[in-house]
Amino acid sequence: MTQERPAAIPDTPLKRLEDHAEFVTRHIGPDNDDIGHMLDTVGIESLAELIRTTLPPSIQDESGLDLPRARNESETLERLRAIAQQNTLMHNMIGMGYHETVLPPVIQRNVLENPGWYTAYTPYQAEISQGRLEALLNFQQMICDLTGMPIANASLLDESTAAAEAMAMLHRVNRKSRSRQFLLGPGVLPQTVDVVRNRARHFGIEVIEGEPGVLLEDGDFFGVLLQFPGVDGNIPDYREIVSRAHEKGALVAVAADLMSLVLLTPPGEWDADVVVGSAQRFGVPMGYGGPHAAFFATREAHKRAIPGRIIGVSRDAHGRLALRMALQTREQHIRRDKATSNICTAQALLAVMAGMYAVWHGPERLTRIASRIHRLTSLLVAALEPGGIVPESDNWFDTVTFQRSGEEIDRIYRRALDAGINLRRIGTNRLGVSVSEKTTRAHIATLVAAFTGSETAIDLAGPDAALAADASALPSAMQRCSEFLSHPVFHRYQSETEMLRYLKRLENKDLSLTHAMISLGSCTMKLNATAEMLPVTWPEFSDMHPFAPLDQAQGYQQLFRELEAMLAACTGYDAVSLQPNAGSQGEYAGLLAIKSWHESRGDEQRDLCLIPSSAHGTNPASAAMAGMQIRVVRCDARGNVDLDDLKIQIEACAERLAALMITYPSTHGVFEENITEICALIHDAGGQVYLDGANLNALVGCAAPGRFGADVSHLNLHKTFCIPHGGGGPGVGPICVRNHLAPFLPGHKVIAMDGPHAGNPAVAAAPWGSAGILPISWAYIAMMGRDGLTRATQVAILSANYIAVRLADAYPVLYTGRSGRVAHECIIDLRPFKESCGVTEEDVAKRLIDYGFHSPTMSFPVPGTLMIEPTESESLAELDRFIDAMLHIREEIRAVESGQPDSPLKNAPHTARDLTGEWPWTYSREQAVYPDSALLLNKFWPPVSRVDNVHGDRNLVCSCPPIEDWIEEGNGSN
Ligand SMILES: *Cc1c(COP(=O)(O)O)cnc(C)c1O
């Protein structure tokens with residue numbers, strides 16, 4: 001039977017593929033025989049037939065992807081190496097929020113390069129996420145300590161968007177002020193000014209830039225943003241400004257440099273209401289702009305208004321200490337257009353790294369690092385002074401700015417460049433220098449030579465220099481007196497052996513793709529291949545400053561052009577922006593493009609956005625951020641957009657219809673037949689179609705949204721295109737548009753981009769967003785090639801249908817489409833069991849942990865269900881193991897239905913410790929932890945039992961608990 005299968009896939013390119021590209025057969029889990037078996041089970045002849053009978057004929061595209069053939073791993077890495085080598089590495093002293101940093105090797109190898117950390121999912125299943133929850137809690141503690149604020153979140157996307165979030169939050173929480181004006185103080189990073197202004201415009205907020213001391217006297221503002229230290233390096237004492245702002249009813253956000261706060265009085269101690277910034281220079285490479293973790297800290301009073309995720313302390317079922325994500329009811333999944341922000345994917349992996357940098361160094365070594373940075377800066381100033389070259393400000397931490405004649409500035413800049421150093425040019429006659437952890441005395445000597453044109457201006461090793469450099473240039477009123485990082489976690493792991501074991505101990509608490517499939521519907525947890533990950537830490541990619549001159553970044557520029565072309569080929573669109581650094585940001589950027597297009601045609605009144613009730617929560621949250629009003633479109637009993645309701649809504653919008661946001665295939669995991677008609681209806685009414693491309697894994701190579709009626713889509717490169725989830729980020733959410741929207745893509749104010757969009761405002765801090773991880777998606781597409789990508793889609797759809805068919809007798813599959821089939825994911829309905837015996841979707845999710853699995857997506861988009869997305873990367877053996885677990889669990893449900901008084905379902909997950917105490921249950925210990933004998937060979941032990949969600953929110957603690965609490969409870973490792 002199975003022998004015939006290869007032939008049953010008519011003129012399949014697979015044979016040809018295998019000769020060239022072994023990678024395709026490694027990325028796709030099931031082999032030919034497995035696929036034959038799965039096709040038989042589903043009752044279909046071939047993969048081609050599966051696609052023919054599952055996708056609506058109106059969207060099927062058999063022309064094949066306009067991409068080269070697959071290349072193998074070594075060939076691909078060689079090509080990437082050649083691209084990387086076109087980047088020129090300099091010592092970057094540009095500053096502006098990005099600094100060279102030393103990534104401790106123990107963190108590089110054991111976190112950044114370790115799939116145990118980078119393949120984990122966002123910690124929604126707290127019991128199997130205690131390790132990264134603890135690491136993120138450390139990050140929050142570090143942020144609280146350094147900023148002097150009581151509460152911090154677990155990361156945002158970048159400093160500039162964090163500042164925009166701060167503005168939005170201040171506007172929400174400031175009930176005293178009715179003003180719609182926001183004040184930007186001097187020295188705010190130019191990319192932040194741009195992002196904040198753009199965000200403000202759509203919120204109906206007016207931004208005014210200037211001296212707060214002056215403006216606050218007569219103006220009326222709801223909020224103020226100050227940069228500390230300023231972008232030019234000076235360290236203002238803002239205490240009076242803050243108190244004046246408060247008197248006038250304005251709240252104050254401060255964008256602060258984290259390293260400087262080691263030595264400077266933190267904004268929390270001068271009464272700031274919010275502190276934001278980037279944790280990049282805490283051991284996270286610049287990566288030509290990202291990804292890095294931004295932070296957001298504020299007062300207790302605003303804890304329910306904080307954007308992004310917050311980790312909190314709670315209890316498990318035995319009352320022992322356990323961690324979880326707190327206050328989830330603020331998030332867009334629940335609050336939708338009323339959410340505090342649209343942030344979903346953030347920067348978890350990078351926050352883990354930055355937190356670990358603090359764990360590794362502790363306060364003493366951090367002080368040494370910060371002091372050395374400061375001393376080298378002072379040394380530079382001292383060395384230049386005798387020649388009459390003095391900085392603009394008489395205080396500084398790490399950055400000084402000089403004003404000279406245009407010609408002299410030119411000369412200095414060139415000489416530094418020739419010597420391998422990038423400086424910051426400001427206009428024609430100013431120059432900025434920022435010292436970093438990687439700057440050496442040799443760099444300073446080189447700079448002195450560049451400034452003076454002579455080699456021997458000062459003896460940098462001599463006693464004069466030492467003296468000059470020792471005199472602190474920090475204003476005495478602004479020197480830090482308070483302790484920080486006093487929690488034991490920042491003191492215990494400073495030998496490499498201890499650090500290694502700490503990292504491993506946390507990793508071992510978490511279930512990642514290194515253990516089992518993570519079949520999260522809508523999230524596409526596929527293979528993140530090692531070959532794709534390798535280039536991320538090549539210095540040519542990781543050590544580029546995002547504002548380095550473009551001629552130094554030719555490799556990156558080529559990578560972007562090629563990746564943009566690849567993504568255009570995969571989607572059928574005409575133009576691509578790589579700037580948005582998460583799906584949510586792509587939605588926002590795409591909606592702004594739609595809005596600007598309407599405005600360009602004189603249709604300013606188009607401000608209504610139709611969104612089906614089944615949409616992901618980020619959709620309505622993004623539409624609200626874009627200043628649109630949301631109208632919800634109903635879904636019918638089969639999970640499709642209710643066409644009648646859609647028509648009524650379109651009619652009701654009339655000239656105000658701006659857009660429809662629709663996910664395809666739908667969030668219900670079904671290919672709606674009517675998609676082309678839906679698009680046409682919207683276009684006829686003058687609207688635009690935003691197609692949420694998070695489910696592109698069901699389309700690549702088989703149908704192209706850019707050709708079947710949509711105008712713009714965001715893709716989640718951290719779903720379909722193999723960037724790992726990192727435990728909740730990083731992500732990349734590029735948008736792809738048809739030609740008419742291309743002039744409205746995001747631009748950048750600091751770096752001149754190519755194209756009609758160049759001068760547009762930005763949606764992220766860096767021109768190409770999280771550029772540092774784009775090699776991952778480039779490598780994936782290159783190694784899969786046109787036929788491999790198409791086959792991946794086919795197998796992803798086959799695997800979902802295989803699971804749906806195998807589970808159908810045990811669990812009702814909620815929605816199916818044409819020929820009774822699902823797309824690349826399927827929803828199983830658990831609500832009947834709640835009726836029959838009280839077993840809930842949560843019970844099943846937690847019981848799956850005992851079987852060694854991460855739950856599928858729970859209660860999205862339909863409460864009381866699980867949404868399973870296996871992806872093409874899971875082998876048949878793994879699919880069967882999962883199916884067996886689900887069937888086993890069905891038997892356990894049956895036992896409850898027939899009157900079993902207690903059940904492992906209700907007590908799941910079971911910890912090792914549960915086994916040693918009393919055992920009051922009627923089922924055995926074996927049944928609890930080894931329900932399947934295969935588990936005897938490979939068992940994942942959850943470190944805590946079921947976590948109490950309510951307790952954590954009622955008793956909110958978002959900082960590291962005292963060490964005694966951990967020890968008493970015996971659960972933690974802190
Ligand atoms: C994941 C997802 C998003 C949001 O993407 P983020 O990167 O998490 O912001 C939006 N829509 C759908 C359907 C998704 O699955």
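**A ligand and two annotated domains**

Over residues 491-762 the chain is 32% helix and 12% strand. The C-alpha atoms at the two ends of that stretch are 41 Å apart. This is a predicted model. It holds a ligand, and 15 residues surround that ligand. The protein buries 98% of the 380 Å² that the ligand exposes when taken alone.

**Domains in the record**

- UniProt, in an unreviewed entry, lists residues 26-451 and 491-762 as "Glycine cleavage system P-protein N-terminal".
- Residues 26-451 are 41% helix and 15% strand. The end C-alpha atoms of this part lie 55 Å apart.
- The unreviewed UniProt entry also lists residues 792-910, as "Glycine dehydrogenase C-terminal".
- That span is 50% helix and 8% strand. Its end C-alpha atoms are 36 Å apart.

**The shell around the ligand**

- Which residues are closest to the ligand? They are T345, S522, D692, H718 and K719.
- By type, the shell has nine polar residues, three nonpolar and three charged.
- Helix α23 covers residues 583-600. This helix gives the most to the shell, with three residues.

**Polar contacts with the ligand**

- The side chain of S522 has an N or O atom 2.6 Å from an oxygen atom of the ligand.
- For H718, a side-chain N or O atom lies 2.7 Å from an oxygen atom of the ligand.
- S584 uses its backbone instead: an N or O atom there is 2.8 Å from an oxygen atom of the ligand.

Key. Residues are numbered from 1 along each chain as its sequence is written. This is a predicted model: local features need pLDDT of at least 70, side-chain atom pairs count only at pLDDT 80 or more; totals for chains, interfaces and linings use all residues. Side-chain values use heavy atoms; hydrogens and water are left out. UniProt positions are given in the numbering used here, feature names are shortened, and annotations may be inferred rather than shown by experiment. Helices (H or I, at least four residues) and strands (E, at least two) are DSSP runs, numbered from the N terminus. A residue is near a molecule or strand if one of its heavy atoms lies within 4 Å of it. A polar contact is a pair of N or O atoms within 3.5 Å; within protein, one must be able to donate a hydrogen and the other to accept it, and residues adjacent in sequence count only if both atoms are side-chain atoms. Accessible areas come from the Shrake-Rupley method with a 1.4 Å probe; for residues, only the protein chains shown count as cover. Ala, Val, Leu, Ile, Met, Phe, Trp, Tyr, Cys and Pro count as nonpolar, Asp, Glu, Lys and Arg as charged, and the others, Gly among them, as polar.
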